[in-house]
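Reader: Hey, can you walk me through this one? I'm new to this.

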Amino acid sequence: GLCKYNLTQYTAAYEQLTKYINSKNTTPAYVRLAQYYRGVCSYKTSDYKNAYKIFAAFTADYRERDSYLYKSCELGAKSALMNGDLKNAALMAEKMIDASMTLQDKQNSIIYCSEIYTDCRDYDKAVSILSAWTEEDSPFGIRCILASAEVYVKKGELDKADAAYNKITS
C-alpha cells in the first residue's frame, strides 16, 4: 500500500491498506500506520467524510504523541471543515494543540482553533483558547491579543475589542 501511496496512486493505496488491515497476519503498530495512511489517501482523493471518520478513530485511541497524531488532528480538522462540520473541526483543532510537537505548531494550532470556534460563533470559547497567551510579553502574545480583538469585533463587543487594541499600544 505504501508503494502506491508514494506513487500518488491514492485510490489503489487505500484499497491495499484496507486489505492489509482486514487480513489476519497484521502487526498492531503497522495497522495503526495503515489506518493513518488510509485517512491521508481519503483526504487526498477528496473523500473528506471518510477521511474525518478515519482520523477521528485514529486520534481517539492513539497514545503516542508524535507527528502522526499531530497530522491526524490537522487533517481531521481540515476534513471536517470541508464537510461543513465546524464543531468537529474545532474539536480536532483542540486535539491538535495538545498533540503539537513544537512551540511553532502549538502557536499555529491555538490561532487555528480559535478561528474555527469564531466561525462556529462560539466566541467565548474562541477567546478562552487565546486567553492564556494574551498576558505573555512576546510576539505570540500580541498575536493572541489581536486575534481576541477580532473575535470581539465579530461578537459585536467593540468596547472589549478597543480595550484589546489599546493593550497593544500602551
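Author: Sure, here is a tour from the overall fold down to a single residue. This is a predicted model, where local features need pLDDT of at least 70, side-chain atom pairs count only at pLDDT 80 or more, and totals for chains, interfaces and linings use all residues. Residues are numbered from 1 along each chain as its sequence is written, and side-chain values use heavy atoms, with hydrogens and water left out.

Reader: Ok, how many helices and strands does the protein have?

Author: There are 10 helices and 0 strands. Helices (H or I, at least four residues) and strands (E, at least two) are DSSP runs, numbered from the N terminus.

Reader: And what does the C-alpha trace span?

Author: About 65 × 30 × 25 Å along the principal axes. Of the 170 residues, 43% count as buried, meaning under 20% relative accessible area with a 1.4 Å probe, protein chains only.

Reader: Cool. At what angle do α5 and α7 pack?

Author: Helix α5 (residues 67-82) and helix α7 (residues 103-119) pack at about 20°, with their axes 13 Å apart. The axes are lines fitted to C-alpha atoms over the stretch in contact, and angles run from 0 to 180 degrees between N-to-C directions. So α5 and α7 are roughly parallel to each other, the label for angles under 35 degrees.

Reader: Which residues of α5 and α7 meet?

Author: Y70, A77, K78 and L81 in α5 meet D105, S109, Y112 and I116 in α7, where contact means heavy atoms within 4.5 Å. By class, that contact has 5 nonpolar, 1 polar and 2 charged residues. Ala, Val, Leu, Ile, Met, Phe, Trp, Tyr, Cys and Pro count as nonpolar, Asp, Glu, Lys and Arg as charged, and the others, Gly among them, as polar.

Reader: What about α4 and α6, how do they cross?

Author: The axes of α4 (residues 48-61) and α6 (residues 86-99) come within 12 Å and cross at roughly 40°. That makes α4 oblique to α6, since oblique covers angles that are not under 35, over 145 or 65 to 115 degrees. Y52, F55, A56, T59 and A60 in α4 meet N88, M92 and K95 in α6.

Reader: Switching topic: is T134 buried or exposed?

Author: T134 counts as buried, because its relative accessibility is 13%. T134 lies in the loop between α8 (123-131) and α9 (139-155).

Reader: What does T134 touch?

Author: Leaving aside neighbours within four places in sequence, T134 is in contact with G141, C144, I145, S148 and K167. A polar atom of the T134 side chain also lies 2.9 Å from the backbone oxygen of S131.

Definitions and conventions. Buried < 20%, exposed > 50% of the residue type's maximum accessible area, 1.4 Å probe, protein only. Polar contact = N/O pair within 3.5 Å; in protein donor to acceptor, adjacent residues only side chain to side chain.
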